Amino acid sequence: QVQLVESGGGLVQAGGSLRLSCVASGTNLPIYVMGWYRQAPGKQRELVATINSGGLSNYSEDVKGRFTISRGNAKNTVYLQMNSLKPEDTAVYYCTAPGRGSWGQGTQVIVSS
């Protein structure tokens, strides 16, 4: 069972930046696809971005041009650099390894106006 642990959330003013990190454990095999989802209060969980081990990435239209997903040099790590944050980006952000059916516990991001 793959375990995912996120870090890096917090409170930031609109226009600011945050960097989320996710580390996977419980496997010695490379995880092909890792990604980030988010869930705002009263809303469904939605895709933010995914990236495969070759660096091919996919973004939701809401974050394209502001967020950047990347894989770390260490195996099975993924980052989300979030710039030009907006209040509507406020949500719990979850790391996921879709092919393994794994989700992290989530990290809260709050963007104040």
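## Contacts of Y37 and the strands around it

Y37 touches R45, E46, L47, V48, V92, Y93, Y94, T96 and W103, leaving aside residues up to four places away in sequence. The model is predicted. Y37 lies in strand β4, residues 33-39. Is Y37 buried or exposed? Neither: Y37 is partly exposed, because its relative accessible area is 24% and the buried class ends under 20%. Its bridge partner in β5 is L47. V48 sits 11 residues away along the chain, yet the C-alpha atoms of Y37 and V48 are separated by 4.9 Å.

**Strand β5 and its partners**

Strand β5 covers residues 46-52. How many of its seven residues are buried? Five are, and the strand is mostly covered. β5 pairs with β4 in the antiparallel sense, over six bridges. It also pairs with β6, again in the antiparallel sense, over three bridges. In that second pairing, T50 stands opposite N58 in β6.

Both pairings form hairpins. Six residues lie between the strands in the hairpin of β4 and β5, where G42 takes a positive phi near 75°. Four residues lie between the strands in the hairpin of β5 and β6, where G55 has a positive phi near 95°.

**Two loop serines**

S60 is found in the loop between β6 (57-59) and β7 (67-71). It counts as buried, because its relative accessibility is 14% and the cut-off is under 20%. Not counting residues up to four places away in sequence, S60 touches L47 and V48. Both of these residues are also among the contacts of Y37.

S84 is in the loop between β8 (77-82) and β9. At 42% relative accessibility, it counts as partly exposed. Its phi is near 50°, a positive value in a residue other than glycine.

**Strand β11**

Strand β11 spans residues 107-112, and its side chains alternate. Which of them are buried? T107, V109 and V111 are; they point to one face. Q108, I110 and S112 point to the other face and are not buried.

β11 has a parallel pairing with β2 (residues 10-13), over four bridges. There, Q13 stands opposite S112. β11 also runs antiparallel to β9 (residues 91-97), joined by three bridges. In β9, A91 stands opposite V109 of β11.

The pairings described above are collected here.

| Strands | Sense | Bridges | Opposed residues |
|---|---|---|---|
| β4 and β5 | antiparallel | six | Y37 and L47 |
| β5 and β6 | antiparallel | three | T50 and N58 |
| β2 and β11 | parallel | four | Q13 and S112 |
| β9 and β11 | antiparallel | three | A91 and V109 |

**The whole chain**

The protein chain has zero helices and 11 strands. Its radius of gyration is 13 Å, close to the 13 Å that the globule rule gives for 113 residues, so the chain is as compact as a globular protein of that length. Along its principal axes, the C-alpha trace spans about 45 × 25 × 20 Å.

Buried residues make up 42% of the 113 residues. Among contacts with a separation of 6 or more, 53% come from residues 24 or more positions apart. The chain exposes about 6,000 Å², and carbon and sulfur atoms supply 48% of that area. There are 10 positive and 6 negative side chains, and the centres of the two sets lie 9 Å apart.

Definitions and conventions:
Residues numbered from 1 in each chain as written. Predicted model: local features only at pLDDT ≥ 70, side-chain atom pairs only at ≥ 80, totals over all residues. Heavy atoms only, no water. Buried < 20%, exposed > 50% of the residue type's maximum accessible area, 1.4 Å probe, protein only. Pairing = 2+ DSSP bridges. Rg over C-alpha atoms; globule rule 2.2 N^0.38 Å. Contact = heavy atoms within 4.5 Å. Areas by Shrake-Rupley, 256 points an atom, 1.4 Å probe, with all protein chains shown as cover. Lys, Arg positive; Asp, Glu negative; His and termini not counted. Charge placed at Lys NZ, Arg CZ, Asp CG, Glu CD.
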